[in-house]
Every structure is written in C-alpha cells, then in structure tokens.
Amino acid sequence: MPNASNAGAVRSDWTRDEVEALFALPFNELLYRAHGVHRAHFDPTEVQVSTLLSIKTGACPEDCKYCPQSTRYDTGLEPEKLLEVERVLESARAARAAGSSRFCMGAAWRSPKDRDLPLLTAMIRGVKDLGMETCMTLGMLSAGQAEALAEAGLDYYNHNIDTSPEFYPEIVSTRCFQQRLDTLANVREAGMKVCCGGIVGMGEGREDRAGLLLALATMPGHPESVPINLLVRVPGTPLEEQPELDPFEFVRAIAVARILMPASHVRLSAGRENMSDELQALAFFAGANSIFYGEKLLTTANPESERDMQLFRRLGLRPEERASAASAPGQAARAAANALFYDAATA
Ligand code: SAM
Ligand code: DTB
Ligand code: SF4
C-alpha cells in the first residue's frame, strides 16, 4: 500500500492485494487519498469536456449484454447507416459552439470494413480542421486500420475492456478479452492515445471492479483516458433488471481509478443522467475530471447541457482547454462557448 510520500507516482506494477486494500478503505480515507493524488497531477477545478455522436447506429452483430445496439435484443432502436461526412461535421460544429473540446464518433460495429476507411478518415480530417480533438470507437481494429486512422490525425481510440477478465464471459461471448487487448496494442503501435475503461453496475462483485481497474492500471502504458460507465439499464437488454449499484461503491471505483492511474483523465461517462448533482460532485472530488457533454450519449440520454453548465457554475468547475488550443483553429468559437459555463447568474 503506498504511503503519503509516494502517493501519486505513476506505476504499472499494482498488485491485486493493493487494489483490494484501496477498495476496502473507510470511505473518507479513500476520498482523501484520491483527492490528494488528483491535485498532484491536475488542476481540480478543470474538467475535460467531450461530445459523442453515433455515426452508425444499431444492428450490431455482437452480443454485449448491456448494449441497446446489439441486433440480438429488441430495444426498439431504429438502425441507421454510416452518416454522411457533412452531417458529422454539422454535429461537431454544434458541439464546439457548446463548449466541447473533443468530438467522439462511435459506430455499432464488430470492426470497421476497409471500404469504410475513406469516409472515416474524411470525418477525422474535417473535425480536426474545426480545431477539436478527435476520438473514434468502431470496434476491433487491425494494425493496418489503426495506422490509417492515425495517419488521418485521429487523436484517441476508445475501446473498453468493460469488466474484469473473470466476469467478462458473463457479459460478452462474441469476442474475448484478449481480442480487446490486441486492438489496444494496435492502437498504441499506431501512435494514438488510448481511451479505455469499463462499466460498473452489471452485477459484478467488488473483486471484479478491482479486477477491471487492475487490468487497466497494469497495462504497459496507462490509457490516457479512462471512462468509468455506470450501466444504463436499457429495456430489452438482458441487464435491464439489474439492481442499482450502491452510489458510494461507484464513487469508490472512481477514487481507486484516480489513485491507480494518477496522470490519466478519469471520465464520469454513461449513467450521469440518473445521478444526483451531489453524487457527481462527490465523483469530481474523488478524481473524475472528464465528462460526456450534450443531450445524448450514443443512443441513450445524457443530462441537458444547461443542467451541466449550471452544475459547473455551482461547483466552480470549468472546461479544460486542450494543450495546443491557443493557436488551434476554432479557438475564438470555443472561448465564446466556454464563457457559457462561467456566467455568474447562478450563485
Ligand atoms: N461497437 C464498438 C465497441 O463495442 O467497441 C463501439 C461502441 S460501444 C457502444 C462503446 C462502449 O459503450 C462499450 O464498450 C461500453 O463500455 C459502453 N456502453 C454501451 N452500452 C452501455 C450501457 N448501456 N451502459 C453503460 N455503458 C455502455
Ligand atoms: C464509453 O466508455 N462510453 C461511451 C463511449 N465510451 C463510446 C458510450 C456510452 C454508451 C451508453 C449507451 C448508449 O448511449 O447507447
Ligand atoms: Fe456492438 Fe459495441 Fe454494442 Fe457490443 S458494445 S453490441 S460491439 S455496439
């Protein structure tokens, strides 16, 4: 167990015992440590803001039990083909105008087809030209596909391991844990930043939440971005009746992620729609410093933008500027949008 003097060092040699001991700490002790680690690496008043767009919706052949987009479950979702580039850019411009610095494009595929690459790379170039960071999540990637996306300027690739290696087979049968790691290796090899996390609240035990975070924190390089999703229980999916996870257990997962991966952005991801403002505030204190912003995730609801802006103002939080933003195109538009978050009207 790290003591106060080495807390915050970036390590990839965490052990299961250490991770389980962190989860077992008294709540306030865990939060105190996590917040200290957070402050050693980040400005605790800044939160990175990303917006998601589903660029290809539904009819996915995989069987992920949590997912409304699997063709195996009747969730009433209307499938849509890959969007045209101009429609994607319209959404990206709107996200930038609303104050988002990263645009994440998601497709309900097992993996992309090579014939889709010209459109995908055109989307990446178009969004980059707006001065935004780019992220995609398209399923499994071959080494060649990862290179093509990196070549077009893709900054981040999102590919989650979802849960612990032990619990994983309960959730997905159509691709194995190792295949996820192979895609992540291809992404790294191509030089892109990795966005990789998981979902809690799927009926896993605390040992699985520890196993998920241990798997992430012992990767050769920590993912730069770690989304922690709270299961959205979508009617029609096999997990629709899952009992709610104790909110304090959710905050513990955020805090342990922060301690294990001190220099990574930990994202409070899916599930915010049903979280109270107080729970989100606790998660920010525990070390979450990134959110998805905008009324929709991929297919399910996210908090209204106005509610998020209000929350930022009430908590004295502000959107993080990307490092190279000062000279990036679109800076003036984004600065104007960011002002929306600071409007004093609330206090
Ligand atoms: N098809 C691609 C894939 O699975 O790699 C990309 C899109 S997929 C929807 C991206 C991630 O969203 C999943 O890995 C999962 O972690 C998360 N996700 C999907 N449905 C969710 C739900 N109902 N609740 C929480 N997270 C969810
Ligand atoms: C991630 O970890 N969460 C986001 C993003 N990466 C792609 C997706 C959440 C999806 C929630 C269910 C939906 O809206 O379809
Ligand atoms: Fe398909 Fe991704 Fe949903 Fe799994 S999580 S069913 S791969 S869209």
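## Ligand 1

Seventeen residues surround ligand 1 in this predicted model, and those that come nearest are Tyr66, Thr137, Asn160, Asp162 and Val232. By class, the shell around ligand 1 holds ten nonpolar, five polar and two charged residues.

Two polar contacts involve nitrogen atoms of ligand 1 and the protein backbone. A backbone N or O atom of Tyr66 is 3.0 Å from a nitrogen atom of the ligand, and a polar backbone atom of Ala107 is 3.3 Å from a nitrogen atom of ligand 1. A side chain also takes part: a polar atom of the Asn160 side chain lies 2.9 Å from an oxygen atom of ligand 1. On its own, ligand 1 has 560 Å² of accessible area, of which the protein covers 91%.

## Ligand 2

The shell around ligand 2 consists of Leu52, Pro68, Thr137, Asn158, Asn160, Pro227, Asn229, Phe292, Leu297, Leu298, Thr299 and Thr300. These residues divide into six nonpolar and six polar, with no charged residue.

Oxygen atoms of ligand 2 have polar contacts with both side-chain and backbone atoms. On the side-chain part, a polar atom of Thr299 lies 2.7 Å from an oxygen atom of ligand 2, and a polar atom of Asn160 lies 2.8 Å from an oxygen atom of the ligand. From the backbone, an N or O atom of Leu298 is 3.1 Å from an oxygen atom of ligand 2. Taken alone, ligand 2 exposes 410 Å², and the protein buries 88% of that area.

## Ligand 3

Around ligand 3 are Cys60, Glu62, Cys64, Tyr66, Cys67, Ser70, Ala108, Trp109 and Arg175. The class count for this shell is six nonpolar, one polar and two charged residues.

## Shared site and shared residues

Which cavity does ligand 1 sit in? Ligand 1 sits in the largest cavity. Ligand 2 sits in the largest cavity as well, and the space taken by ligand 3 is again the largest cavity.

Some residues recur in the surroundings of the ligands. Asn160 is among the residues nearest to ligand 1 and is also part of the shell around ligand 2. Its side chain has a polar atom 2.9 Å from an oxygen atom of ligand 1 and a polar atom 2.8 Å from an oxygen atom of ligand 2. Thr137 is likewise listed among the nearest residues of ligand 1 and in the shell of ligand 2. Tyr66 is one of the nearest residues of ligand 1 and belongs to the surroundings of ligand 3.

How values were computed: Residues numbered from 1 in each chain as written. Chains lettered and ligands numbered in written order. Predicted model: local features only at pLDDT ≥ 70, side-chain atom pairs only at ≥ 80, totals over all residues. Heavy atoms only, no water. Near = heavy atom within 4 Å. Polar contact = N/O pair within 3.5 Å; in protein donor to acceptor, adjacent residues only side chain to side chain. Areas by Shrake-Rupley, 256 points an atom, 1.4 Å probe, with all protein chains shown as cover. 1 Å grid on protein atoms, 1.4 Å probe; cavity = no way out; pocket = protein on both sides within 12 Å on 5 of 7 lines; lining within 4 Å. Sits in = over half its atoms within 2 Å of the grid points. Nonpolar A, V, L, I, M, F, W, Y, C, P; charged D, E, K, R; others polar.
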